[in-house]
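Biologist: Please take a close look at a single part of this model for me. Then work outward from there to the rest of the chain.

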Amino acid sequence: MLRASAVVAVVGLGMLIFVPNVPIAIVGVVLWGLGASLGFPMGMSAAADDPRTAAAKVSAVATIGYVAFLAGPPIIGFTGEHVGLLNGLLIVFVFIIAAGLASGAARERTAITRPGDGRTGGDPGLPAGAAGGADRTDTADRRR
């Protein structure tokens with residue numbers, strides 16, 4: 001879904017930048033907005049998938065989002081003053097493409113089954129099919 005959102009955003013921004021027709025540019029802005037609006041919440045959700053590392057990953061995604069929110073407009077404006085606003089938006093175009101290519105990192109990891117022992121690669125102490133992660137309570141935690 002992240003890749004699909006990036007593709008929609010790239011197509012929309014490409015229509016805005018490269019097609020010199022106002023009605024097509026309007027459609028491009030709408031597509032760009034739809035694609036970009038879905039990327040951040042999905043990225044945040046993907047970062048929070050693993051309860052063990054959720055805090056660090058969510059904070060990293062939020063930091064990237066805030067830096068882009070705060071630094072992006074002045075950089076685009078500065079560049080736009082020197083090379084034109086549509087050419088300044090090429091910076092955003094490149095970053096959306098990079099985000100789409102990197103979106104595979106947000107893919108949910110699947111358990112690897114080891115041949116012969118019937119267990120998944122996540123926790124060798126769990127029997128096959130047993131839930132791991134946030135739902136599992138250790139024996140030491142039960143005693144507290």
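Modeller: Asp50 is partly exposed, because its relative accessible area of 23% falls between the cut-offs of 20% and 50%. This is a predicted model. The side chain of Asp50 meets that of Arg52 in a salt bridge. The N to O distance is 3.3 Å, within the 4 Å limit for such a pair. Arg52 is exposed, because its relative accessibility is 73% and the cut-off is over 50%. So one partner is partly exposed, and the other is exposed. How many salt bridges does a search of the whole structure find? The search finds one.

Now the chain around this pair. The chain has 144 residues, and 20% of them count as buried. Six helices and zero strands make up its secondary structure. Along the sequence the pattern reads α-α-α-α-α-α.

Helix H3 covers residues 54-83. Take three of its residues: Ala60, Ala68 and Gly77. Ala60 is partly exposed, because its relative accessibility is 39%. The C-alpha atom of Ala60 is 8.7 Å from that of Ala47. Those two residues are 13 apart along the chain. Ala68 is partly exposed too, because its relative accessible area is 48%, still under the 50% cut-off for exposed. Ala68 pairs with Val92, 24 residues away in sequence. Their C-alpha atoms are 10.0 Å apart in space. Gly77 is partly exposed as well, with a relative accessible area of 32%. From Gly77 to Leu89 the C-alpha separation is 9.1 Å, over 12 residues of chain.

Next, helix H5, which spans residues 90-102. Is Ile96, a residue of this helix, buried or exposed? Ile96 counts as buried, because its relative accessibility is 14% and the cut-off is under 20%. Ile96 and Ser5 are 91 residues apart along the chain. Even so, 9.6 Å separates their C-alpha atoms.

On the surface there is a nonpolar patch of about 440 Å². Val8, Val22, Ile26, Val30 and Leu34 make it. Helix H2, residues 22-47, gives the most, with four residues. Val8 belongs to helix H1, residues 2-18. Why can Val8 join the patch? Val8 has a relative accessible area of 31%, so it passes the cut-off of over 30% for patch residues. By the burial scale Val8 is partly exposed.

Last, the second largest pocket. About 160 Å³ of space lies inside. Which residues line it? Met1, Leu2 and Arg3 are among them, with Met42 as another. Ser103, Gly104, Ala106 and Arg107 are also in the lining. By type, the lining divides into four nonpolar, two polar and two charged residues. Arg3 and Arg107 fill the charged class. Ser103 and Gly104 are the polar pair. Met1, Leu2, Met42 and Ala106 supply the nonpolar part.

Back to the starting point. The salt bridge joins Asp50 and Arg52 at 3.3 Å, and the whole structure holds one such bridge.

Note on methods
Residues numbered from 1 in each chain as written. Predicted model: local features only at pLDDT ≥ 70, side-chain atom pairs only at ≥ 80, totals over all residues. Heavy atoms only, no water. Patch = residues over 30% accessible without salt bridge, like charges linked within 9 Å, V, L, I, M, F, W, Y side chains within 5 Å. Areas by Shrake-Rupley, 256 points an atom, 1.4 Å probe, with all protein chains shown as cover. Helix = DSSP H or I, 4+ residues; strand = E, 2+ residues; numbered from the N terminus. Buried < 20%, exposed > 50% of the residue type's maximum accessible area, 1.4 Å probe, protein only. 1 Å grid on protein atoms, 1.4 Å probe; cavity = no way out; pocket = protein on both sides within 12 Å on 5 of 7 lines; lining within 4 Å. Points joined across faces, edges and corners; volume = space filled by probe spheres on them.
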